[in-house]
Amino acid sequence: MKSKKQKLFPQHRGILEQFGENIKLARKRRKLTTTQVAERANINRTTLYHIENGKPSVAIGAYFNVLRVLNLHEDFLKLAADDEFGRKLQDLDL
């Protein structure tokens with residue numbers, strides 16, 4: 001089964017690119033090389049390169065493993081944690 005290429009609107013692509021840049025900066029602050037992070041995350045360096053560039057084709061598990069290596073995996077729980085809009089929609093149904 002062939003996987004579909006993920007497509008993003010340009011304004012949304014920028015968010016993913018910023019996420020990748022944040023990961024790259026976190027790696028550099030910890031003075032870890034791309035080889036070290038890739039080995040510890042059990043991915044190849046090319047995948048890490050794609051993550052640091054915010055490529056949407058990389059599996060979310062690979063992103064998570066890199067965050068784990070950088071000890072930022074708890075930040076993963078912050079994604080979509082505050083669903084203010086969804087709560088307002090839910091309240092309208094009550």
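The largest pocket holds about 180 Å³ of space, where a pocket is an open set of points on a 1 Å grid over the protein atoms alone, at which a 1.4 Å probe fits and which has protein on both sides within 12 Å along at least five of seven lines, and the volume is the space filled by probe spheres set on points joined across faces, edges and corners. I should say at once that this is a predicted model, in which local features need pLDDT of at least 70 and side-chain atom pairs count only at pLDDT 80 or more, while totals for chains, interfaces and linings use all residues. Residues are numbered from 1 along each chain as its sequence is written, and side-chain values use heavy atoms, with hydrogens and water left out.

The lining, meaning residues with an atom within 4 Å of a point, consists of Leu16, Phe19, Lys55, Pro56, Val58, Ile60, Tyr63, Phe76 and Leu79. Helix 1 and helix 4 (60-69) each supply at least two of these residues, a helix being a DSSP run of H or I of at least four residues, numbered from the N terminus.

Turning to helix 1, which spans residues 10-29 and includes Ile15, we find that Ile15 counts as exposed because its relative accessibility is 57%, the cut-off being over 50% with a 1.4 Å probe and protein chains only. Arg27, also in helix 1, is buried, with a relative accessible area of 8%, where buried means under 20%. Leaving aside residues up to four places away in sequence, Arg27 touches Leu32, Thr33, Thr34, Val37, Leu48, Glu52 and Leu70, a contact meaning heavy atoms within 4.5 Å.

Conventions:
Helices (H or I, at least four residues) and strands (E, at least two) are DSSP runs, numbered from the N terminus.
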